[in-house]
Amino acid sequence: MKSKLILIIAAAVAALTAITSCSSGESYADQLNDERHATNHFLANYRVEDKIPDDTVFETGKDAPFYKLDEDGNVYMQVIRYTKHSADSAKTSQNIYFRYTRYNLLYLYNEGDWSGSGNADDMSQEPAYFQYNNYSMPQSSEWGYGVQMPLWYLGVDSEVNIVVKSQYGKSSEISYVVPFMYHIRYFRSRV
C-alpha cells in the first residue's frame, strides 16, 4: 500500500512538473533556440571577435567589437573604456560595486522595444555589488557568472557592454531563458 501511494504521489509530481514547465507551449530546447536567435539578431549589428586579443589590448568605444568571452558564446563583451594595470585588477573576494542598465534582448527581438532597467540613472539607488570570484556568497551568485567575466581582462574602473545568455545570468532568472545586454560601470567602492 505504501509503495502504491508513493508511486501515485511521484506520478502526480511528475505530471505537475510537466504541466508547469510546458505552460508556455514551448519546450526548453525551443526557448534556447529563441534565446540564440535574439542574441544573434542583436550581435548582427556589430563586429564580433571570436577571441580575446593576444596582448589583451582591446578596441574601445561604441564602435568596438563584441569579444566572445567563453567557448560556447554565452557572454560577449564590448569595451567602452578600461584600465589594465595589475594594481587595477579585481582580487578574489573583493567587493566590486557596479551601476548598470540592462536590456531584454528577447523582448527587443520580438517586440522591437529597447527599454532598459537598472540602477545606472538613479543615484538614490544603492549600487549593486558582488564579491569577485567568490560564488559561495549570495550577492555574487545572485548576479551570475557573466557580469564578473569582463574583470578577468580589465581593471575594476572599467565600463563595458556585455551580452549575457541566461545560463550565465542572474541565478533567479536562469529558467526564463532570456538573454540580456548590460551596460555596466564597475567601481571599487560605493558611488
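Okay, let's start with one residue, N134: at 15% relative accessibility it counts as buried, because the cut-off for buried is under 20%. Keep in mind that this is a predicted model.

So where does N134 sit? You'll find N134 in the loop that runs between strand 6, residues 128–131, and helix 4, residues 138–141. If we skip the neighbours within four places in sequence, N134 is in contact with S93 and S140. With S93 there's also a polar contact, side chain to side chain, at 3.1 Å.

Now over to W152. That one is in the loop between helix 4 and strand 7, which covers 159–164. Buried or exposed? Well, W152 is partly exposed, at a relative accessible area of 37%. Together with Y135 and Y145, W152 makes a nonpolar surface patch of about 270 Å².

Okay, on to the inside. The largest nonpolar core has 32 residues, and I162, Y182, I184 and Y186 have the most contacts inside it. Two or more residues each come from strand 3 (75–81), strand 4 (95–104), strand 6, strand 7 and strand 8 (180–187). Strand 8 gives the most to this core, four residues.

Let's zoom in on I162. What does I162 touch, not counting residues up to four places away in sequence? The list is Y76, M77, G146, V147, P150, F180, M181, Y182, I184 and Y186. And apart from that big core lies another core, of nine residues, with F42, F66, L108 and V163 among them.

That's my tour, thanks everyone.

Key:
Residues are numbered from 1 along each chain as its sequence is written. This is a predicted model: local features need pLDDT of at least 70, side-chain atom pairs count only at pLDDT 80 or more; totals for chains, interfaces and linings use all residues. Side-chain values use heavy atoms; hydrogens and water are left out. Buried means under 20% relative accessible area, exposed over 50%, partly exposed in between (1.4 Å probe, protein chains only). A polar contact is a pair of N or O atoms within 3.5 Å; within protein, one must be able to donate a hydrogen and the other to accept it, and residues adjacent in sequence count only if both atoms are side-chain atoms. Contact means heavy atoms within 4.5 Å. Patches are made of residues with over 30% relative accessible area and no salt bridge: like charges are joined within 9 Å, nonpolar side chains (Val, Leu, Ile, Met, Phe, Trp, Tyr) within 5 Å. Accessible areas come from the Shrake-Rupley method with a 1.4 Å probe; for residues, only the protein chains shown count as cover. A salt bridge is a side-chain nitrogen of Lys or Arg within 4 Å of a carboxyl oxygen of Asp or Glu. A nonpolar core is a set of buried Ala, Val, Leu, Ile, Met, Phe, Trp, Tyr and Cys residues joined through side-chain atoms within 4.5 Å.
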